[in-house]
Amino acid sequence: MRLAYSTWPEITAFLNTSKTVIIPIGSNEQHGPMGLLGTDWMCPEIIATAAEKVAQGSEALMLAPTFNIGMAQHHLGFAGTISLRPSTFMAAIEDWVLSLARHGFDHIYFLNGHGGNIATIEAAFSQIYSHYSYNNKTCPLTLRLKNWWDLPGVASLCHGMFPVGHGSHATPSEIAVTYAAYPDQVREVELTPKIPPTGPILDALDYRARFPDGRIGADSSLATIELGQQIIDTAVAGLLSDIKLFSAEQKPA
Ligand SMILES: [Zn+2]
């Protein structure tokens with residue numbers, strides 16, 4: 001079930017069968033000359049939406065709207081990037097979680113598509129848990145952050161597909177996933193150099209100076225629709241098995 005395409009009585013009925021919700025979360029940021037700005041929110045949304053369709057026949061999954069703006073200050077040197085500062089992002093995550101928790105969702109699973117979000121999402125979880133810790137109470141929520149590339153089977157598949165030139169930003173794997181889902185958005189661009197440099201991430205001007213076209217160590221031109229579909233299929237199976245385990249997790253009595 002997709003939360004945004006449901007009515008409130010349907011959500012109330014769903015909560016009698018499951019209290020798990022998946023939130024795709026990402027970022028709107030530059031992805032080099034071949035990658036779409038939405039790559040990091042599209043990838044988790046594409047995977048979660050496909051998994052939700054597969055699950056319709058058996059146990060329904062609840063899919064929340066995509067949280068599509070993240071912490072991307074280091075990409076602000078490139079046109080089109082939109083970023084929340086870490087403190088804003090944490091506050092927004094907390095409000096999303098508390099809204100869903102108020103209705104009875106108690107297993108909240110963020111499927112993430114942006115490495116730059118990880119520290120802030122984990123900090124937001126700690127902030128939520130701390131309200132209970134200081135008051136000597138047990139938090140009723142089980143919160144999980146999972147990067148789509150860490151789903152079972154995905155990293156080894158991508159490593160096999162792209163042994164050289166995978167890199168860490170504007171990677172052929174993430175771009176392939178978006179090309180598979182949106183074949184009319186495929187870009188043909190001559191990349192120079194094929195494999196750009198790698199290095200640390202600091203502020204936006206520093207990033208632009210180190211990584212002039214936005215890519216970090218990634219030959220985006222290796223992305224194809226066919227490879228993207230293979231990655232999606234593996235990630236969907238991985239997500240379905242991971243969600244099953246997550247939903248079964250219980251707090252100690
Ligand atoms: Zn990305």
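Below, a biologist asks a modeller how the descriptions of this predicted model follow from their definitions.

Biologist: What do the numbering and the confidence limits rest on?

Modeller: Residues are numbered from 1 along each chain as its sequence is written. Since the model is predicted, local features need pLDDT of at least 70 and side-chain atom pairs count only at pLDDT 80 or more, while totals for chains, interfaces and linings use all residues.

Biologist: What makes β1, β2 and β3 an open sheet?

Modeller: Strands (E, at least two residues) and helices (H or I, at least four) are DSSP runs, numbered from the N terminus, and two strands pair if DSSP finds at least two bridges between them. Six bridges join β1 to β2, and six join β2 to β3, so both pairs satisfy that definition. The order is β1-β2-β3, with parallel pairing; β1 and β3 stand at the edges with a single partner strand each, so one side of each has no neighbour in the sheet. Neighbouring strands are turned by 20° against each other on average, direction ignored. Among the bridge partners are I25 with N112 in β2, and L111 with K146 in β3.

Biologist: Why is strand β1 (residues 20–25) called mostly covered?

Modeller: A residue is buried if 20 or more other C-beta atoms, placed from the backbone, lie within 10 Å of its own, exposed if 12 or fewer, and partly exposed in between. Six of the six residues of β1 are buried. T20, I22 and P24 point one way and V21, I23 and I25 the other way, all of them buried. In a regular strand the side chains alternate between the two faces of the sheet.

Biologist: How do you know that the length of helix α8 (residues 225–248) agrees with what is expected?

Modeller: The expected span of a helix is 1.5 Å times one less than its number of residues. For the 24 residues of α8 that gives 34 Å, and the end C-alpha atoms are 35 Å apart, which agrees. Helix α4 (residues 118–134), with 17 residues, reaches 24 Å from its first C-alpha to its last, close to the 24 Å expected.

Biologist: What covers the buried residues of α4, and what do those of α8 pack against?

Modeller: Contact is taken to mean that the C-beta atoms of two residues, placed from the backbone, lie within 7 Å. The buried residues of α4 are T120, I121, A124 and F125, and their cover includes α3 (86–103), β2 (107–112) and β3 (142–147). In α8 the buried residues include L227, I231, A235 and L239, and the buried residues of this helix pack against β1, α2 (39–55), β2, α5 and α6.

Biologist: Why is α3 called oblique to α4?

Modeller: Two packed helices are described by the angle between their axes and the distance between the axes. Axes are lines fitted to C-alpha atoms, for helices over the stretch in contact, and angles run from 0 to 180 degrees between N-to-C directions. Those of α3 and α4 come within 9 Å and cross at roughly 55°. That makes α3 oblique to α4, because angles under 35 degrees count as roughly parallel, over 145 as roughly antiparallel, 65 to 115 as roughly perpendicular and the rest as oblique. The residues that meet include F89, M90 and I93 in α3 and T120, I121 and A124 in α4.

Biologist: What makes α6 roughly perpendicular to α8?

Modeller: Helices α6 and α8 pack at an angle of about 95°, with their axes 7 Å apart. That angle makes α6 roughly perpendicular to α8. Among the residues that meet are S173, A176 and V177 in α6 with I225, L227 and G228 in α8.

Biologist: Which is exposed and which is buried, N136 or A170, and how do you know?

Modeller: N136 has 6 other C-beta atoms within 10 Å and is therefore exposed, whereas A170, with 27, is buried. N136 lies in the loop between α4 and β3, and its phi, near 55°, is positive in a residue other than glycine. A170 is placed in the loop between α5 (154–161) and α6, and has a positive phi of about 60° although it is not a glycine.
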